[in-house]
Amino acid sequence: MGIIAGCTPRNETPNIEGDTYLVDLNFSGFETRVRPITSGQADEHSKALKTQARNVDEYPTTLYYWSFDAASLLSDYYQQSAIALSFFPASTAHSFLNGFPNSAVSNKLLEARVVSAFILPIPAAGIRRLDKLNVELGLSKYSALGVELEYGFSRTSVLSLVGKQITIPKEQLDFRKNTLSFDLSDLSFQDKDTMYLYLSVNRGQYSDNKNFNRSRSGVWIDNIRVSGIRNVRNDKLKNDIHYFIFDQKNNLIVDRGSFDAKNSAQSLRVELPFGEYSTATVYKNSVNDPFFPEVINTKNDFYLRDSMGLDGRIFGSIDTFKVNRSLSQKIALRRAYSQIRFEFTDVVAPSRVTQLRVYPAHHRYTWNPFSIVPRQ
């Protein structure tokens with residue numbers, strides 16, 4: 001298999017089952033253009049985004065994230081390696097249940113019984129500063145109402161409180177979802193290797209819940225997200241094209257790979273037998289590697305989780321083609337995540353707009369184009 005530029009179809013005897021043919025895949029479409037808001041013609045100021053080196057991220061992005069959808073205590077988004085959530089006390093009984101009501105079909109949450117705190121070890125490597133901790137939390141009707149976030153630099157150090165204690169309203173007990181946010185921006189690693197965040201429950205407010213019973217208390221927790229600004233070590237954004245080819249007849253994978261689209265021709269030559277094929281192609285312009293499953297045997301195993309942060313761009317395409325001779329197949333990719341469009345309905349000159357804030361309308365999605373039920 002080789003990466004080539006300039007492909008032309010070959011005339012060969014068609015439809016001979018068992019033979020193999022050369023297929024040239026030509027990729028295009030993965031260019032992002034920015035158009036600043038101006039009072040003149042925006043197109044005159046548009047320019048293509050180019051790979052560039054940076055010392056740090058400009059804005060906070062997700063550093064660690066626990067969705068529990070894989071029924072695991074490991075983070076499914078992380079800086080350098082996955083880290084495991086743990087409990088205090090360590091013997092806390094726990095299990096994985098279906099998510100909060102109105103959550104996605106594939107969503108799971110973590111249930112912990114008679115727990116005092118959830119412990120998140122956050123390594124300092126690669127992090128310039130922390131920003132926020134966001135979490136979805138449900139308390140049983142036997143729980144105390146106080147929730148606190150504390151931090152320390154070892155599992156035996158004296159803990160310090162982050163902000164103020166949060167009180168859960170009594171009407172929000174019985175495992176109703178509460179979305180909490182803690183400001184971490186004033187915390188410093190102080191030349192330490194790891195910061196331990198303790199999300200503590202059953203803190204105070206005992207008399208405010210007449211049903212309080214610590215031995216019967218329980219917590220549902222989901223979507224723990226720690227955000228902050230990373231040090232990217234002057235890395236350049238990756239420019240890799242990842243391709244996956246599946247046999248339409250049996251859905252088995254027949255080829256997969258990747259190559260750098262910036263430093264090579266944007267074409268690929270593969271050798272395939274007679275048949276019909278599906279391809280999944282992903283172009284990722286980001287510091288992070290894309291999140292694919294380690295093992296992909298069939299096309300239903302394939303998915304891509306958004307892992308680009310605020311700095312990156314992802315493009316994707318699903319295509320089908322028949323192979324009965326050597327041929328050239330064009331694949332045009334489209335923007336896969338975070339395409340944001342603005343429509344102004346107020347009569348205001350763009351020059352008077354001083355700031356725009358964009359907030360996500362939903363949790364990040366997982367692209368699983370061959371599955372009947374989409375992942376989230």
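## Sheets, odd backbone spots and salt bridges

Strand S1 (residues 20–28) runs parallel to S22, and six bridges join the two. A word on the terms: strands are DSSP runs of E at least two residues long, helices are runs of H or I of at least four residues, and both are numbered from the N terminus. Two strands count as paired if DSSP finds at least two bridges between them. Keep in mind that this is a predicted model, where local features need pLDDT of at least 70, side-chain atom pairs count only at pLDDT 80 or more, and totals for chains, interfaces and linings use all residues. Residues are numbered from 1 along each chain as its sequence is written, and side-chain values use heavy atoms, with hydrogens and water left out.

Back to S1 and S22. Within that pair, Ser 28 stands opposite Ala 332 in S22. Both strands belong to an open sheet of three, ordered S18-S1-S22, with mixed pairing. Strand S18 (267–273) and strand S22 (327–332) are the edges here, each pairing on one side only. From one strand to the next, the twist averages 30 degrees (axes are lines fitted to C-alpha atoms, for helices over the stretch in contact, and angles between N-to-C directions run from 0 to 180 degrees).

There's also an open sheet of five strands, in the order S17-S16-S19-S21-S23, and its pairing is antiparallel. Its edges are strand S17 (253–260) and strand S23 (334–335), each with pairing on one side only. S23 meets strand S21 (residues 313–323) over two bridges in the antiparallel sense, and Phe 315 sits opposite Arg 335 of S23.

Now for the loops. Phe 88 and Pro 89 are joined by a cis peptide bond, with omega about 0 degrees. Pro 89 belongs to the loop between strand S5 (86–88) and strand S6 (93–98). Ala 71, in the loop between strand S4 (61–66) and S5, has a phi near 55 degrees, a positive value in a residue other than glycine. Val 114 has a positive phi too, about 50 degrees, although it is not a glycine; you'll find Val 114 in the loop between strand S7 (108–113) and strand S8 (117–123). For accessibility, buried means under 20% relative accessible area, exposed means over 50%, and partly exposed is in between (1.4 Å probe, protein chains only). Ala 71 is partly exposed at 37%, and Val 114 is partly exposed at 36%.

On to charges. Side chains of opposite charge can pair when their charged atoms come close. A salt bridge here is a side-chain nitrogen of Lys or Arg within 4 Å of a carboxyl oxygen of Asp or Glu. By this rule the count is five. Three of the pairs look like this:

| Pair | N to O distance | Acid, relative accessibility | Arg, relative accessibility |
|---|---|---|---|
| Asp 24 and Arg 269 | 2.8 Å | Asp 24, 1%, buried | Arg 269, 21%, partly exposed |
| Glu 111 and Arg 113 | 2.8 Å | Glu 111, 11%, buried | Arg 113, 33%, partly exposed |
| Asp 131 and Arg 129 | 4.0 Å | Asp 131, 15%, buried | Arg 129, 33%, partly exposed |

The Asp 24 and Arg 269 salt bridge takes us back to the three-stranded sheet. Asp 24 lies in strand S1 and Arg 269 in strand S18, so the pair ties together parts that are 245 residues apart in sequence. Elsewhere, Glu 148, Glu 150 and Arg 203 are linked in a network of salt bridges.
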